[in-house]
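Grab a pencil and work through the exercises below. Each one sets a small task and then walks through a solution.

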Amino acid sequence: MENVSLLDRVVTATSNVFEVDPEDVRGRCRNCIVSDARQMAMYIAREKGEYIPRIAQYFGITRQAVSVANKRVAGRIKSHRPVKDRHDRVVYIFANLG
């Protein structure tokens with residue numbers, strides 16, 4: 001149950017920063033903003049210690065898709081300051097959600 005709670009909190013924090021609906025982040029929407037938010041949520045969930053198979057199950061995708069998203073976000077955090085700033089805001093909100 002704790003792991004589901006972690007994922008829910010990550011999605012909530014990510015949705016707040018990206019200004020999208022949490023259901024869209026968990027869903028299959030391919031809108032660019034929602035897709036970026038979903039990938040960021042997966043990255044932060046992994047960063048917070050969640051296992052890739054559980055992240056994949058939560059988002060209804062393959063473990064490989066989670067790994068690809070994590071690599072993409074990690075690269076963008078290093079090379080794009082706005083992405084790093086969004087990451088930091090999501091982590092801050094996540095920490096304050098409880």
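Helices here are DSSP runs of H or I with at least four residues, numbered from the N terminus. By that definition V34 lies in helix α3. One thing to keep in mind throughout is that the model is predicted.

**Exercise 1. Place V34 and decide whether it is buried or exposed.**

Step 1: Start with the element, which for V34 is helix α3.

Step 2: Bring in the cut-off, since buried means under 20% relative accessible area. V34 has a relative accessible area of 4%, so it is buried.

Step 3: Look for partners beyond four places in sequence, and you'll find that V34 touches V20, D24, V25 and C29.

Step 4: Check a C-alpha distance: V34 and P22 are twelve residues apart in sequence and 9.3 Å apart in space.

**Exercise 2. Work out which residues of helix α4 are buried, and where they sit around the axis.**

Step 1: Go through residues 52-59, the span of α4, and pick out the buried ones: I55, A56, Y58 and F59.

Step 2: Look at their directions from the axis. They cover an arc of only 160°, so they lie on the same side of α4.

Step 3: Recall the general rule that an α-helix has 3.6 residues a turn, so residues three or four places apart point the same way.

Step 4: Follow the chain out of the helix. After α4 comes G60, with a positive phi near 70°.

Step 5: Take F59 and skip its neighbours within four places in sequence. F59 is then in contact with V11, V25, R26, R38, A41 and M42.

**Exercise 3. Describe the largest nonpolar core and say which element gives the most to it.**

Step 1: Count its members, and you get 29 residues.

Step 2: Rank them by contacts inside the core. V10, F18, V25, I44, I55 and F59 have the most.

Step 3: Sort by element. Two or more residues come from each of α1, α3, α4, α5 and α6 (81-96).

Step 4: Pick the top contributor, which is α3 with eight residues.

**Exercise 4. Compare two residues of helix α1, T14 and L6.**

Step 1: Confirm the location. T14 lies in α1, residues 2-18, and L6 is found in that helix too.

Step 2: Check accessibility. T14 counts as buried because its relative accessibility is 0%, while L6 is buried with a relative accessible area of 15%.

Step 3: List the contacts, leaving out anything up to four places away in sequence. T14 is in contact with A37, M40, A41 and V90. L6, for its part, touches A45, K48, E50 and F94.

Step 4: Add a distance for L6. Its C-alpha is 11 Å from that of Y51, although 45 residues separate them along the chain.

**Exercise 5. Sort three charged residues, E19, D36 and E50, into buried and exposed.**

Step 1: Take E19, in the loop between α1 and α2 (22-26). E19 counts as exposed because its relative accessibility is 73%.

Step 2: Look at the backbone of E19. Phi is near 55°, a positive value in a residue other than glycine. As a general matter, most residues other than glycine have a negative phi.

Step 3: Turn to D36 in helix α3. With a relative accessible area of 16%, D36 is buried. Beyond four places in sequence, D36 is in contact with F18, R72 and R76.

Step 4: Finish with E50, in the loop between α3 and α4. E50 counts as buried because its relative accessibility is 1%. The C-alpha atoms of E50 and C29 are separated by 23 Å, and these residues are 21 apart along the chain.

**Exercise 6. Find the volume of the largest pocket and what lines it.**

Step 1: Get the volume, which is about 240 Å³.

Step 2: Look at the lining. Of its 14 residues, S35, R38, Q39, M42 and I61 are the closest to the pocket's centre.

Step 3: Assign elements. Those that give two or more residues to the lining are α3 (32-47) and α5 (63-79).

Step 4: Split the lining by chemistry: seven residues are nonpolar, three polar and four charged.

Key: Residues are numbered from 1 along each chain as its sequence is written. This is a predicted model: local features need pLDDT of at least 70, side-chain atom pairs count only at pLDDT 80 or more; totals for chains, interfaces and linings use all residues. Side-chain values use heavy atoms; hydrogens and water are left out. Buried means under 20% relative accessible area, exposed over 50%, partly exposed in between (1.4 Å probe, protein chains only). Contact means heavy atoms within 4.5 Å. The arc is that of the directions from the helix axis to the C-beta atoms. On a 1 Å grid over the protein atoms alone, a cavity is a set of points where a 1.4 Å probe fits but cannot get out, and a pocket is an open set with protein on both sides within 12 Å along at least five of seven lines; lining residues have an atom within 4 Å of a point. Grid points are joined across faces, edges and corners, and a volume is the space filled by probe spheres set on the points. Ala, Val, Leu, Ile, Met, Phe, Trp, Tyr, Cys and Pro count as nonpolar, Asp, Glu, Lys and Arg as charged, and the others, Gly among them, as polar. A nonpolar core is a set of buried Ala, Val, Leu, Ile, Met, Phe, Trp, Tyr and Cys residues joined through side-chain atoms within 4.5 Å.
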